[in-house]
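Take a moment with the sequence and the model below. Then follow the text from one site to a pair of helices, and on to the whole chain.

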Amino acid sequence: MLRQYELVDRVRRYNPHTDEDLLNRAYVYAMRAHGQQKRASGDLYFTHPLEVAAILTELRLDDATIVAAVLHDTIEDTGATKAEIDSLFGPEIGQLVDGLTKLKKLDLVSKRAAQAENFRKLLLAISEDVRVLLVKLADRLHNMRTLHYVSAEKRARIAEETLDIYAPLAGRMGMQTLRDELENLSFRYLMPEAFAMVSTRLEDLRETNRELIRTIEEELAHELGLQGIEAEVRGRQKQPYSVWSKMERKSLAFEQLSDIFGFRVVVSDVDECYRVIGVVHTKWPMVPGRFKDYISTPKQNDYRSIHTTVVGPGRQRVELQVRTREMHDIARFGIAAHALYKDGRDAPAPVLSQESNAYQWLKRTIDMLAEGSSPEEFLEHTRLELFHDQVFCFTPKGRLIALPRGATPIDFAYAVHTSVGNSAVGAKINGRLAPLLAPLNNGDEVEIVRAEGQTPPAAWEAIAVTGKARAAIRRATRDAVRAQYAGLGRQIVLRAFERAGKKFSEDKLRPALPRLARSSIEDVLAAVGRGEMFSGDVVKAVYPDFKEERKAPAPDRSDPGWFRMQKAYGVEFKSPGGATAGADALPIRGLQGDLPVTFAPNGAVPGDRIVGIMTPGEGITVYPIQSPALAAFDDQPERWLDVRWDVEDAQALFPARIVVAAINEPGSLGAVASLIGEQGGNIDDVTFNKKSPDFRQMTFDIQVFDLKHLNDILTRIRVLPMVHSVERVIG
Ligand code: MN
């Protein structure tokens with residue numbers, strides 16, 4: 001346990017003017033208040049607030065924050081009151097402890113709505129004094145560090161909440177060191193095997209490259225020294241969680257991550273940063289497209305540095321971050337560092353810089369709260385922002401529109417109003433005409449060019465990134481699509497009547513509507529166009545005596561593929577002749593009627609964007625949208641059906657094919673196979689395609705629940721040391 005004098009020492013090291021008496025009184029007060037209370041670990045409870053305070057001394061925070069940390073659980077867990085703390089330690093500290101107490105009551109609710117409400121209250125408490133957030137983050141960090149003592153269920157919940165909210169929040173505030181540790185701890189508790197695999201591989205890599213890193217460090221420092229630049233050069237390695245999430249996000253193998261190692265060059269001023277870049281680029285060839293100047297344009301969370309990659313000593317690609325000492329502190333401590341630089345090093349100031357981007361973000365987010373969106377909506381919104389770093393754009397009248405990164409003027413238009421989106425035909429960004437598909441940047445002023453009587457193209461749905469835009473586009477295109485299908489259906493019906501030697505007229509069809517169980521002629525035509533109804537049935541409804549000679553071929557039920565399909569999906573597919581339950585048992589919306597439905601070879605899994613291709617007289621084949629086979633139907637848009645997955649909690653398994661290239665060594669097949677099994681995937685079949693002395697390629701036909709499940713399996717396989725690459729194959 002941290003002793004009283006140790007706490008004072010830690011603070012005095014960075015703040016010689018610390019109020020020792022205040023620290024001592026807080027220490028004794030909290031120790032008495034918590035008494036013999038114990039933590040889940042069996043330790044005295046009092047060790048917890050002390051550790052939280054210790055974490056904050058590493059951020060070199062002011063006395064009020066440190067004292068608030070020592071006292072942060074007293075009101076909630078002991079007999080202490082706000083009035084008592086006010087009178088003993090002053091209202092500033094009383095206010096901080098009170099804010100933390102309000103948050104403490106909110107911890108650990110599992111319901112989503114309650115979580116959203118919590119987050120809202122967290123931000124409101126922060127808005128009163130941002131130091132509340134610093135203590136809260138340190139509190140969460142210590143709880144994460146000691147998480148193995150609590151029950152497995154509680155552990156998962158806390159780790160998830162940390163990954164969802166606290167880690168991104170720390171990142172948004174620029175507190176990278178804290179964020180890394182929160183993420184790595186959550187990762188370790190949520191996915192222990194994945195964490196172990198990534199960590200082991202990082203460790204191996206560190207061992208292998210130890211010499212090389214030292215050489216590069218020395219050579220860089222030497223070269224800079226020759227130019228009279230005194231620089232601190234350090235090799236650094238990526239964190240396990242950031243490696244994992246990058247592999248997952250970009251579908252990369254461990255070996256493909258080029259930036260696991262980097263070097264950081266810290267110099268004394270901005271001029272020197274640019275001089276370093278000059279020296280490095282003169283000495284070693286730079287890799288094009290990798291130079292980023294975050295000094296002239298800081299990141300949203302105030303991060304500043306220059307990034308570049310060169311082909312350095314030993315022809316190694318070397319990533320460099322060049323920054324000043326101050327920038328380095330800000331990169332590690334974020335808003336906490338701003339506090340420090342307010343009045344210079346010696347006297348930490350309690351007030352955070354109002355000009356900092358992080359502070360501005362907090363303020364905007366809190367303002368948005370005041371606008372009164374529902375807590376769930378707010379959480380969804382904020383979560384998106386925390387993860388993807390939003391863009392803020394403006395209408396010509398200056399209204400702020402916040403959108404997720406990657407949003408286009410289409411999203412902007414729908415965010416302003418649905419009617420604006422539906423009538424959008426063009427956009428002006430910062431006064432200049434721009435395509436509706438152009439990604440928006442922060443600060444863009446966007447004007448939407450409108451024309452009434454427009455229907456948004458259905459393709460926009462795939463381009464839009466906001467749910468609001470997508471839903472509106474779907475709604476608006478539905479009617480237009482229906483009209484298209486009706487037009488197609490009319491042609492099909494006309495031909496069918498022709499073949500039958502009969503004449504088609506709407507007047508004759510109208511009395512037959514009840515027989516077709518449709519309420520309008522357009523309904524019938526659209527149903528035929530969609531392939532939900534046979535044109536022959538329409539002829540028969542009008543001319544009941546008519547006999548169609550040509551029968552659609554029934555699928556060959558002796559075809560083993562047919563039965564395998566039935567087994568795999570657990571449903572019976574309809575054949576054109578059969579009348580039993582069928583297509584509607586498939587977890588796909590947009591299909592009804594008499595057509596048999598099959599999946600393209602190698603399958604589609606829920607989560608894939610899918611389309612149905614109608615083959616008249618045969619049925620509908622469902623393809624993932626990225627299937628190369630779809631190119632063959634490009635010029636026949638009338639055969640494309642809009643279909644959608646209809647799976648809630650998927651219990652069924654779906655087939656997917658993956659190809660794994662692995663080192664040819666005993667056990668590589670076994671390792672991949674058992675990993676798939678452990679992850680709850682089924683293996684249908686394995687074939688060996690290529691075998692060279694050192695590599696073998698294996699094709700696995702597996703079954704998974706959905707796309708997330710599949711991606712999870714792929715990423716885990718990718719981490720295996722003997723695996724070179726793994727790809728999904730879509731037919
Ligand atoms: Mn606590």
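Along the chain, the donors of the manganese ion follow the spacing H-x23-H-D-x65-D. The model that shows this site is a predicted one. Four residues supply the donors: His 48 and His 72 each coordinate the ion through NE2, while Asp 73 and Asp 139 each do so through OD. The coordination distances run from 2.2 to 2.5 Å.

Are the middle two residues of the pattern buried or exposed? His 72 has a relative accessible area of 3%. Buried means under 20%, so His 72 counts as buried. Asp 73 is buried too, at 1% relative accessibility.

Now turn to two helices. Helix α10 spans residues 152-172, and helix α11 spans residues 176-190. Their axes come within 9 Å and cross at roughly 155°. Angles over 145 degrees count as roughly antiparallel, so α10 and α11 fall into that class. Their crossing is left-handed.

Which residues meet there? From α10 they include Ala 156, Ala 159, Leu 163 and Tyr 166. From α11 they include Leu 178, Leu 182, Ser 186 and Tyr 189. The residues of this contact divide into eleven nonpolar, three polar and four charged.

Last, step back to the whole chain. It has 731 residues, and 50% of them count as buried. The chain holds 29 helices and 20 strands. Take the contacts between residues at least 6 apart in sequence: 64% of them join residues at least 24 apart.

Key:
Residues numbered from 1 in each chain as written. Predicted model: local features only at pLDDT ≥ 70, side-chain atom pairs only at ≥ 80, totals over all residues. Heavy atoms only, no water. Donors = N, O, S within 2.8 Å, 3.2 Å for Na, K, Ca; no water. Buried < 20%, exposed > 50% of the residue type's maximum accessible area, 1.4 Å probe, protein only. Axes fitted to C-alpha atoms, helices over the stretch in contact; angles between N-to-C directions. Helix = DSSP H or I, 4+ residues; strand = E, 2+ residues; numbered from the N terminus. Parallel < 35°, antiparallel > 145°, perpendicular 65-115°, else oblique. Left-handed = near helix turned anticlockwise from the far one by under 90°. Contact = heavy atoms within 4.5 Å. Nonpolar A, V, L, I, M, F, W, Y, C, P; charged D, E, K, R; others polar.
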